[in-house]
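Reader: I should like to learn how to read the features of a protein model. Where might one begin?

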Amino acid sequence: MRGYRRADGRVGARNHVVVLPSVVCSALAARKIASDDAVAISHQHGCGEVGDDAEHTRAVFEGVACNPNVAATLVVGLGCETVQGKALAATIGTRGQAVLYAGIQAEGGTDRTVERGRELLLELTDRVASAGREPVGLDELILAVDDPSAPFAPRLEELVRRAGARLVLPEAGRGSETHADLAAAGAQIIVSWCGAGEGPIGFAVCPVIAVSGDAELYAALRDDFDIDGTGEPDSVADGIWALAAATFDGRLTASERRGARDFCLRRLTRTM
Amino acid sequence: VTELEGFLRSDGRWGVRNHVLVMPVRAAANHAVARIAAVVADATAVEHQAGVPEGVDAARLRRTLTGFASNPNVAEAIVVGVTDDDAWLADALDATHTRVEFLSLARSGGIQGTIDTGIAAAGAAVARARETRRLPMEPSELVLGLECGGSDAMSGITANPALGVASDLLVGSGGTSILAETPELIGAEEHLAARATTPQVAEAVRATILGFERAIRELGVDVRGAQPSPGNQAGGLTTIEEKSLGAAKKGGSAPIVAVLDFGERPSLRGLHIMDTPGHDIEQMVGMAAGGCQIIAFTTGRGTPTGCPIAPCLKIASNTRVFERLAGDIDVNAGAILDGSASVGSMGREIYASLLDVAAGTSTASERRGNREFAISRIDFPAHASPV
């Protein structure tokens, strides 16, 4: 496989520049800044959160910005939010990631923030432009599965172990709401198990291999899932494994082809 | 003041905008919805991360999506689900004024097929909406949402009391206002209960506010950091009580006629309290789901957000923020501190601006395209429902 080697030795399967709003209030500014030149993350969180929930959101934002698929991040804040964008950017920076920050209240409104953000994004894009793919071993692969109870999971785990690669499983929850947790834990590729009636969903910074466990839905959405997961579990696992290596190498998954940049966040408690 | 004209709906309510809403039933439909709205620029899309309605939050989720899509500002809705199981939203909307079309990814031959069908459906709906004419409308038909976000120490002295005067003027004309943000009413419960029209309403005011406070305590969390937020504190607000007494001033001095659940529609006229979080976006969505056609939003620190379907008039508590965030804010209540306006005259100015906006004048957040959307949840099961 070929991947993007980062300064800290980790390897990315993609080379995304991300515009991350630290709060829902700056999501539109982030989208305007990113335009078609970067991945804008869109979410509804970052304010009115308390305790473990606030810390979880902050940690996931930090982790996603430091995912090996991310070359650089522009954090866009408001200024008065619970998950403070400026502090978040500083923490991301201490982990050696390329990061810059713009805040709406400090810049003086949306227009100035978008203008400033475009300049900062250009600076980040220039800084990481020279990154290219280099050959890496299968043991550099960090694969996540969003549901440990998926029928193909035992065999896939065995394949991962045999290759010396790493498998990441959600610590809590299952399904698409864990994707941000899995990306924050460093996964380069997410295998998503879509059970009965579940639709396929992509993720902002990681290719998602969507595996359908619903024969009828798979037949109807053949172009939108990556793998028919209704067959014999071991052969499904073999198919996922082969696709994971090709995906790492640059083959686009169905959600990447359609341009889906979903970002669902697991929440721990009610908003204040 | 412009003569007020609006869109009369089949249920007798009046809209002040005529949106074609494209709404996902669950998160796996978000991408198709965004792609439809990217082509049909005059359609209004929202995104959210909810799954199939399940458990404690099921009724809340159904009420929020149904109420929002049947807000009187919505002419038609294109509702996008994954399978036929998601038809519940379109079925619920069939009983409302909103003309609805339901698309499912499974039924439309996948996501691209859904996008193609949705573009045609939304385009036709936009063309029909353009043909609808405004008719003369009474201000008493307005339901106004009262909101404060990014408050500072001036909010409770300038913008909030002035908005209270505007709310009193609307209620005095027979209209309806909704005060919300339950955590920002903590400490003001007796002050508000004393204004309730009946002992039952007074009890509901106390129960709602104290219930929220109890829920926070049972979580065992420190609410500081969220209430008052870091920005509130930097703006000079020291305690939740101080923030609350300032926040409650948005409700003016009118009697409180009822307490509403999140997203619930008022059945009376006059000042209501709705049980919502302080999170600006969740709150605005709840008020719009309850039928607010227009929102007045005071801010001390300055925030650009709006509501996808209800125009949001942004009011600064101080001149510095009004000038710094000029493109994001509509009215400067800082004029009260500068000495060029009184609370009363500013209240009348806000009321006149609200009528102008209701008549069709766009707000800063509408011009910018701020269409933030989030659904309030109170239940967090270990396993999420399928998207």
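**Reading the interface**

Author: One may begin where the chains meet. Across the interface of chain A and chain B, 20 residue pairs are in polar contact, both residues of each pair having pLDDT 80 or more. The model is a predicted one.

Reader: Which elements give two or more residues to the side of chain A that touches chain B?

Author: They are α1 (27-34), α4 (104-107), α5 (110-128) and α8 (215-220) of chain A. Of these, α4(A) gives the most, with four residues. Sorted by class, this side of chain A has 20 nonpolar, 17 polar and 14 charged residues.

Reader: How many residues of each chain are in contact, and what area is buried between chain A and chain B?

Author: In contact are 51 residues of chain A and 58 residues of chain B. The buried area is about 4200 Å², and carbon and sulfur atoms give 59% of that area. On the side of chain A, Q44(A), R270(A) and M272(A) supply 18% of the area that the chain buries against chain B, more than any other three residues.

Reader: What is the count of salt bridges between chain A and chain B?

Author: A salt bridge is recognised when a side-chain nitrogen of Lys or Arg lies within 4 Å of a carboxyl oxygen of Asp or Glu. The count between these two chains is one. D111(A) forms a salt bridge with R368(B), and their closest N and O atoms are 2.6 Å apart.

Reader: Let us turn to the backbone. Which value of phi does S35(A) have, and where is its place?

Author: Phi of S35(A) is near 45°, a positive value in a residue other than glycine. The residue is placed in the loop between α1 and β4 (39-40) of chain A.

Reader: And what of E181(B)?

Author: Phi of E181(B) is near 60°, again a positive value in a residue other than glycine. E181(B) is found in the loop between β9 (176-179) and α6 (189-193) of chain B.

Reader: Is E181(B) buried or exposed?

Author: The cut-off for buried is under 20% relative accessible area. E181(B) is buried because its relative accessible area is 0%. S35(A), at 44% relative accessibility, counts as partly exposed.

Reader: Where is G63(A), and which residues does G63(A) touch?

Author: G63(A) is in helix α2 (residues 51-65) of chain A. With residues up to four places away in sequence not counted, G63(A) touches R95(A), A183(A) and A184(A). The C-alpha atoms of G63(A) and A185(A) are separated by 6.5 Å, although the two are 122 residues apart along the chain. G63(A) counts as buried, since its relative accessibility is 3%.

Methods. Residues are numbered from 1 along each chain as its sequence is written. Chains are lettered from A and ligands numbered from 1 in the order in which they are written. This is a predicted model: local features need pLDDT of at least 70, side-chain atom pairs count only at pLDDT 80 or more; totals for chains, interfaces and linings use all residues. Side-chain values use heavy atoms; hydrogens and water are left out. Contact means heavy atoms within 4.5 Å. Buried area is the accessible area (1.4 Å probe) that two parts lose on being put together, summed over both. A polar contact is a pair of N or O atoms within 3.5 Å; within protein, one must be able to donate a hydrogen and the other to accept it, and residues adjacent in sequence count only if both atoms are side-chain atoms. Ala, Val, Leu, Ile, Met, Phe, Trp, Tyr, Cys and Pro count as nonpolar, Asp, Glu, Lys and Arg as charged, and the others, Gly among them, as polar. Buried means under 20% relative accessible area, exposed over 50%, partly exposed in between (1.4 Å probe, protein chains only).
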